[in-house]
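Thank you all for making time this morning. I would like to walk you through one model, going from a single strand out to the whole chain and then back in to a few individual residues.

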Amino acid sequence: MLFIGIDLGTSACKLLLVGENGTIQNEVTREYPLIFPHPGWSEQRPEDWWNAVVAGVPELLRGFDASQVVGIGAGGQMHGLVALDAQDSVIRPAILWNDGRTFKEVDYLNNTIGKERLSALTANIAFAGFTAPKLLWMRENELENFKKIAKIMLPKDYIAYKMTGVHSCDYSDASGMLLMDVKNKCWSKEMMEICDVKEEQLPKLYESFEVTGNLTESAAAELGLTTNCKIAAGAGDNAAAAVGTGTVGDGGCNISLGTSGTIFISSKEFGVDKFNALHSFAHADGNYHLMGCMLSAASCNKWWMDEIIGTKDYPAEQKPITDDKLGENNVYYLPYLMGERSPHNNPDARALFIGMSMDTTRADMTQAVLEGVAFAIRDSFEVARDLGINITETKICGGGAKSPLWRKIVANVLNIKVNIIESEEGPGLGGAMLAAVACGEYASVEEAAAKIVKVIDSVEPDAALAEKYDKKYAKFKQIYPTVKDLYDTLKA
């Protein structure tokens with residue numbers, strides 16, 4: 001048996017062909033354009049996503065027996081608003097997770113409806129990227145389009161609809177819409193009223209590992225597959241990536257150093273941070289998770305290297321940062337290039353360096369960038385710790401995790417063991433694993449993770465270095481509160 005995992009990202013769709021034991025047989029990537037109609041806006045055509053899948057799957061299957069593909073699962077970019085009319089045609093381009101147009105709607109939700117009420121209804125507060133503020137924006141600015149909406153969907157679910165004809169969504173992805181009662185795993189009637197939405201406009205909810213349908217005859221013909229192929233509900237990209245790294249069950253942790261950064265903590269119990277600094281979402285394994293999300297992680301290092309220093313040789317820039325330099329740097333960096341989500345929820349925050357002197361070197365600045373991202377991850381880590389969650393080790397993934405130096409910094413800033421896994425495929429592998437569970441190859445997501453995900457290396461913290469970083473972090477966490485009011489002045 002073979003399974004297809006779809007990683008529906010912001011810049012490209014990555015397709016994986018995965019064997020029943022989790023081995024990756026083949027992979028194909030198809031890119032598509034981003035649309036920026038106005039500054040701060042970010043859109044895509046859902047039709048481009050489907051075209052990427054239709055073009056990519058036959059190439060993925062070249063040299064393989066297509067009849068052996070029995071299941072497909074997807075991990076997809078979260079929060080994006082896909083609006084369909086009564087004929088299931090796309091009404092307008094999808095408004096994406098990184099679109100910033102909804103600041104008025106977010107202010108209305110958080111300050112007029114109120115954060116306390118939102119948290120009680122959905123376990124979360126409003127962020128600019130979430131789906132509910134986008135619906136309010138459409139009602140205010142595109143009323144005719146808003147009136148046409150027959151179905152509200154998320155990006156990966158549009159792909160699932162094109163494959164099955166079923167309007168579906170899983171609990172993990174729906175958690176990021178601000179329309180779902182996360183604790184009770186159902187649509188919130190109160191939030192539907194606030195957003196002027198009816199339940200029939202929303203898709204049916206599923207666990208990520210449940211079958212939503214089989215390939216239709218037309219979809220099977222387009223993809224070169226059979227109608228025996230089952231489609232799993234899939235998951236939001238972070239939950240799917242967590243499955244792909246084996247971060248399931250109780251007390252699992254994964255840190256992603258991608259373009260954005262996340263700390264993802266799986267739990268069998270529902271929990272909410274009283275300050276809503278962390279997202280409280282359903283997980284793809286059938287349980288729950290807490291997640292801290294920073295908008296700029298590895299992208300900080302890319303910006304520093306590519307745009308400021310002007311080099312692509314990242315290892316060469318990190319080479320002068322020897323062990324004796326760690327914990328000794330007097331330069332600090334706030335990694336808020338695009339504002340920040342967790343834990344500050346401040347779209348106006350911006351990056352800064354502080355602490356330079358005449359003897360500051362280029363390597364000191366590079367080190368500050370790596371440490372600043374690690375310190376910002378610790379901000380969310382500390383929130384989890386305050387909730388009584390005891391994290392002693394974590395998986396790590398994403399482009400930034402390829403740096404041994406950065407892994408070492410993260411291990412010592414958090415003072416926990418950091419585990420490196422064999423496969424770095426994240427959401428695509430997670431999607432394929434969910435499909436394997438849906439098809440009965442594994443009894444549960446936890447069983448699939450235990451059998452497929454392999455740790456190949458670990459970084460243990462050094463007690464003396466961790467103590468040094470503890471003192472450095474105490475200084476780092478004073479910087480944002482000190483400069484917070486300046487961001488309003490800079491914006492004005």
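Before the strands themselves, one term has to be settled: when I say that two strands pair, I mean that DSSP finds at least two bridges between them. Please also keep in mind throughout that what you see is a predicted model, and that every value I quote is computed from it.

Let me begin with strand 5, which covers residues 69-76 and is mostly covered itself, since seven of its eight residues are buried. Which strands does strand 5 pair with, and in what sense do they run? Strand 1, residues 2-8, is joined to strand 5 by seven bridges, and the two run parallel; within that pairing, glycine 5 has glycine 73 as its bridge partner. Strand 14, residues 230-232, is also parallel to strand 5, here over two bridges, with isoleucine 72 standing opposite isoleucine 231. Strand 15, residues 235-236, likewise pairs with strand 5 in the parallel sense through two bridges, and there the partner of glycine 76 is glycine 236. As a general reminder for anyone looking at these side chains, in a regular strand they alternate between the two faces of the sheet.

Stepping back to the whole chain, we have 16 helices and 24 strands. The radius of gyration is 22 Å, close to the 23 Å that the globule rule gives for 492 residues, so the chain is as compact as a globular protein of that length. Along the principal axes, the C-alpha trace spans about 70 × 50 × 45 Å. Of the 492 residues, 60% count as buried, and if we take contacts between residues at least 6 apart in sequence, 71% of them join residues at least 24 apart.

Now to the second largest pocket, whose volume is about 1000 Å³. It is lined by 34 residues, and those closest to its centre are Gly100, Ala128, Asn346, Pro347 and Asp348. Which helix gives the largest share of that lining? The answer is helix 2, with seven residues, while helix 2 (103-122) and helix 16 (463-491) each supply at least two. Sorted by class, the lining holds 14 nonpolar, 11 polar and nine charged residues.

Just ahead of helix 2 in the chain, I would point you to tryptophan 97, which sits in the loop between strand 7 (94-95) and helix 2. Is tryptophan 97 buried or partly exposed? With a relative accessibility of 24%, it counts as partly exposed, because the buried class ends at 20%. Setting aside neighbours within four places in sequence, tryptophan 97 is in contact with Thr10, Gln77, Met78, His79, Gly80, Gly129 and Lys134. Asparagine 184, by comparison, is 87 residues from tryptophan 97 in sequence and 24 Å from it in space, C-alpha to C-alpha.

A second loop residue is lysine 454, found between helix 15 (445-452) and strand 24 (455-459). Its relative accessible area is 41%, which makes lysine 454 partly exposed. Not counting residues up to four places away in sequence, lysine 454 touches Ile420, Ile421 and Glu422. Relative to aspartate 348, which I named among the residues closest to the pocket centre, lysine 454 is 106 residues away along the chain, with 40 Å between the C-alpha atoms.

Finally, some backbone geometry that you may want to check on your own screens. The peptide bond from serine 342 to proline 343 is cis, with omega near -5 degrees, and proline 343 lies in the loop between strand 20 (332-334) and strand 21 (352-354). There are also two asparagines to look at, asparagine 276 and asparagine 415, each with a positive phi near 55 degrees. Asparagine 276 is placed in the loop between strand 17 (261-267) and strand 18 (279-282), and at 8% relative accessibility it counts as buried. Asparagine 415 is in the loop between helix 13 (404-414) and strand 23 (417-421), and with a relative accessible area of 46% asparagine 415 is partly exposed.

Conventions:
Residues numbered from 1 in each chain as written. Predicted model: local features only at pLDDT ≥ 70, side-chain atom pairs only at ≥ 80, totals over all residues. Heavy atoms only, no water. 1 Å grid on protein atoms, 1.4 Å probe; cavity = no way out; pocket = protein on both sides within 12 Å on 5 of 7 lines; lining within 4 Å. Points joined across faces, edges and corners; volume = space filled by probe spheres on them. Helix = DSSP H or I, 4+ residues; strand = E, 2+ residues; numbered from the N terminus. Nonpolar A, V, L, I, M, F, W, Y, C, P; charged D, E, K, R; others polar. Buried < 20%, exposed > 50% of the residue type's maximum accessible area, 1.4 Å probe, protein only. Rg over C-alpha atoms; globule rule 2.2 N^0.38 Å. Contact = heavy atoms within 4.5 Å.
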